[in-house]
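User: I'm new to this structure and would like some help reading it. Can we go through it step by step?

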Amino acid sequence: MIRKEAISIISKKIGNQSIISANGFISRDLFEINDKNSNFYMIGSMGLASSIGLGLALKNPKKRFFIFDGDGNVLMNLGSLATIGATEPKNLVHIVFDNSLHESTGGQPTISKKIDIHSVAKTLKYKTYKATTKNELENILHRIKKMKGPILILIKISKSKTTSKRVDIDAIKIKQRFMESL
Amino acid sequence: MKATIQKKVFNYLLKNNVKNFVGVPDSTMKHFINEGFKKNKILITTREEEAIGIAAGMSMSRSDSLVFMQNAGFANSLSTITSLVQLYKIPMIFLIGWRGFLKNDAPEHTKIGKIQPKLLQALSLQSKVLNEKNWKASCDWALQLIKGGKPCVLILIRDFID
């Protein structure tokens, strides 16, 4: 499964719910597949999608927030997972697309082949799931539909062969339309 | 700054609708933070950038936020300030402890204490140094700026050696 396929499956399942997506190819893929006002594309500040998502989740307890993260992003801000585990937001679903690569910067390796992010999240009090096939991903999404978070789904993906277009919406516009969607 | 004034600063901001106080502690502002704990309003994070990310999510939820940190943490946060707070124009108040203000502060603070005003200027971040006379006017100034959607900085000087 490549990231675009996983994003496509998730988009169909979660409909118009809010997504905070990490910088790089993750936001680009989401933008190309399913652009909508309730997507917050974090185009800089690598590592912080989960922190932004936590702030939103704590302030909007009746809404569910999906974080689209990558292995490089998670490893850059592991402390955020600890804070999420400690604050226990019930409405936060943290999805990590793990290709063990910094794909956006040329495919350099991350350490996620040696350090299992899924186990780390479990230790940090998340409910955790792991998907390697499309079928597994669909089943997990079905199972967590009404489940209380924080939930982390680690999706093992392979390197994409094509690159999605850049997010060409102005940052302030991204923020404004996202805020209006809340 | 005296404990009584630090407490007043906290309560004044709280009364004026600042709802979230997120950050990494600094001894310079320990009375401010302790007052916040008494009111159950403090969220301590692992790093300063994380606090800014959380505050960004809270501010986008239309809930006013303050991020507190030592100036060492301010130095950590430069990229987050430029590529998140300023790029998206997300309002928040930064409360920064000015270590290295006194010449005999611990050596790790000397350099950052010296360049702090220049860093703020280079970032075009508006700031005011709090003191026992101007604290209320400075808080009003900061509240006005975030109401207008702008981030700004309040600075607490480290005026003691322990």
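Analyst: Sure. Keep in mind that this is a predicted model. A good start is to ask how far apart in sequence the touching residues are: in chain A, residues 24 or more positions apart account for 72% of the contacts with a separation of 6 or more.

User: What helices and strands does chain A have?

Analyst: Chain A has eight helices and eight strands. Its radius of gyration is 15 Å, close to the 16 Å that the globule rule gives for 182 residues, so chain A is as compact as a globular protein of that length. The C-alpha trace spans about 40 × 35 × 30 Å along its principal axes, and 47% of the residues of chain A count as buried.

User: How many residues of chain A are in contact with chain B?

Analyst: There are 23, and they are in contact with 22 residues of chain B. On the chain A side, α3, α5 and α8 each give two or more residues. The largest share, eight residues, comes from α3(A). By type, that side divides into 11 nonpolar, 10 polar and two charged residues.

User: How do I check the span of a helix, say α3 of chain B?

Analyst: Use 1.5 Å a residue: the 13 residues of α3(B), 48-60, should span 18 Å, and the end C-alpha atoms are 18 Å apart, which agrees.

User: Is α3(B) enclosed or open to the outside?

Analyst: Count its buried residues: 13 of the 13 are buried, so α3(B) is largely enclosed by the rest of the structure. Just after this helix, B:Arg62 takes a positive phi of about 60°.

Terms used: Residues numbered from 1 in each chain as written. Chains lettered and ligands numbered in written order. Predicted model: local features only at pLDDT ≥ 70, side-chain atom pairs only at ≥ 80, totals over all residues. Helix = DSSP H or I, 4+ residues; strand = E, 2+ residues; numbered from the N terminus. Rg over C-alpha atoms; globule rule 2.2 N^0.38 Å. Buried ≥ 20, exposed ≤ 12 C-beta atoms within 10 Å, placed from the backbone. Contact = placed C-beta atoms within 7 Å. Nonpolar A, V, L, I, M, F, W, Y, C, P; charged D, E, K, R; others polar. Expected span 1.5 Å × (residues − 1).
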